[in-house]
Amino acid sequence: MALTVLFLCCTACGQRTEATGHIPVFNEPESTEATSAPSDTEPPKQPVMATEPPHQPKEEIVKMSFTGDCLVGSDYGKHNGGSFNWFADQEGTSYFFSEVKDVFDNDDITVVDCETVLSDNRDLAPVFKEEDPGYWYMGPAANAAIFAEGGVEIASVANNHTGDYQHLGYLDTVQALSDHGIMVGENLKPVYYEVRGITVGVLCCNCWSGYHANLILKKIEEMNECSDVQVIVPHGGTMNVYEPDAWRVNAFRQFIDAGAEVVAAGHPHVLQPLEVYGDGVIVYSLGNFCYGGSKHPENATVIFTVSLRFLDGVYDGLTYELLPCYLYTTPDNNYQPTLIPKTDPAFYRILGFMLNGRHSPL
């Protein structure tokens, strides 16, 4: 249903090349000379010793999924008709990811960005913001169940909204996610997730400038010593533009050069293209996904999946896949991301933008 691109790497000398995994078989050439009867002077033939078959390395695939921003609350935590919190009251928390849950249930790790304060403390004071208009998003702690019931393993809180209600609101959010069994990706604190003996390092991080990028590069060095693969989930950049900032392109490529295999970024609130760079893959923005911040957000997104291949526990390359989705399927936002069928022209518009330089995903 979606376009899949394969590139494998060779582990010898740290160099990567295209490979098919084919092991050639070499046969002895047949002799063109006539076979003569053995003479009495020929030495006795030695028995042919059986040889052990060549070692077949054990293959292990670790599959990950990434989404755009998940804003699972409403401005000021309101529950007015048609708001995200109102939908949660009416439909229950399992409603929101019900159309994409099968994707997340069939991977090993799903990573989302939780861009909402989750708290039941109605006395929390909003922080001061200079921008006008400003937004302060909050949902009840129970909204953390949206991720747990939707098949999510890791939620990033490294963004510009989990601090909307002071540090106490941030701590409540971390607690709500943890109480629902979600591993929390705090800023510059690597999460190490074990899958069948493979350690995947995930770094969720704010990335607003070259200064932040340098901090991330230092963390990648640390992660290289503690995990088999490194995945970076940065948050930052100019909003509502389809082309990534030049400094972000440079920074994300440096993350790959430093040893990361995957960069899956957010914050611009619209999609930005995918790039295969060096030994890794970058998505410059995954846009929005389950988004309570607007009744009519741009209605195009993707689920970005990566399958990491290991041979005898050693990383050997990856494949990736983009699954185009609508954020909503009703005139106003119903906050229920849905896979787009291949028969829908929007499927190809989104892929054409993400992969082939189309000017817009719409």
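Reader: Why is the contact between Arg 253 and Glu 275 called a salt bridge?

Author: A salt bridge is a side-chain nitrogen of Lys or Arg within 4 Å of a carboxyl oxygen of Asp or Glu. Here the closest N and O atoms of Arg 253 and Glu 275 are 2.7 Å apart, so the pair fits the definition.

Reader: And which parts does this pair tie together?

Author: Arg 253 sits in helix α6 (residues 246-257) and Glu 275 in strand β13 (residues 271-277), so parts 22 residues apart in sequence get tied together. Those names come from DSSP runs, numbered from the N terminus: H or I over at least four residues for helices, E over at least two for strands.

Reader: What kind of model is this, anyway?

Author: It's a predicted one, where local features need pLDDT of at least 70 and side-chain atom pairs count only at pLDDT 80 or more, while totals for chains, interfaces and linings use all residues. Residues are numbered from 1 along each chain as its sequence is written, and side-chain values use heavy atoms, leaving out hydrogens and water.

Reader: Back to that pair: what makes Arg 253 buried, exposed or partly exposed?

Author: Buried means under 20% relative accessible area, exposed means over 50%, and partly exposed is in between (1.4 Å probe, protein chains only). Arg 253 has 31%, so partly exposed is its class. Glu 275 has 18%, so Glu 275 counts as buried. Elsewhere, Glu 59, Arg 309 and Asp 316 are joined into one network by salt bridges that share partners.

Reader: How many salt bridges are there in the whole structure?

Author: The search turns up nine. One of them pairs Asp 108 with Arg 196, with the closest N and O atoms 2.9 Å apart. That one links distant parts of the chain, 88 residues apart: Asp 108 is in the loop between α2 (101-105) and β4 (109-114), and Arg 196 in the loop between β9 (191-195) and β10 (198-206). Arg 196, at 46%, is partly exposed.

Reader: What makes Glu 222 and Lys 219 a salt bridge?

Author: Their closest N and O atoms are 3.3 Å apart, and that passes the cut-off. Both belong to helix α5 (residues 210-224), three residues apart, or about one turn of the helix. Glu 222 has 35% relative accessibility and Lys 219 has 22%, so each is partly exposed.

Reader: How do you know how many disulfides there are?

Author: A disulfide is a pair of cysteine sulfur atoms within 2.5 Å, and the structure holds zero. Take Cys 204: the closest cysteine sulfur, in Cys 205, is 7.1 Å away, so that's too far for a bond. For Cys 205 the closest is in Cys 207, at 6.2 Å, again too far. Cys 204 is buried at 0%, and Cys 205 is buried at 0% as well.

Reader: Where does the largest cavity have its centre, judging by the closest residues?

Author: There's one cavity of 30 Å³ or more, and the largest has a volume of about 100 Å³. Of its 15 lining residues, Thr 67, Asp 113, Val 233, Ala 264 and Ala 265 are the closest to the centre. On a 1 Å grid over the protein atoms alone, a cavity is a set of points where a 1.4 Å probe fits but cannot get out, and lining residues have an atom within 4 Å of a point. The volume is the space filled by probe spheres set on the points, which are joined across faces, edges and corners.

Reader: Which element gives the most to that lining?

Author: That's β2, with four residues.

Note on methods:
1 Å grid on protein atoms, 1.4 Å probe; cavity = no way out; pocket = protein on both sides within 12 Å on 5 of 7 lines; lining within 4 Å.
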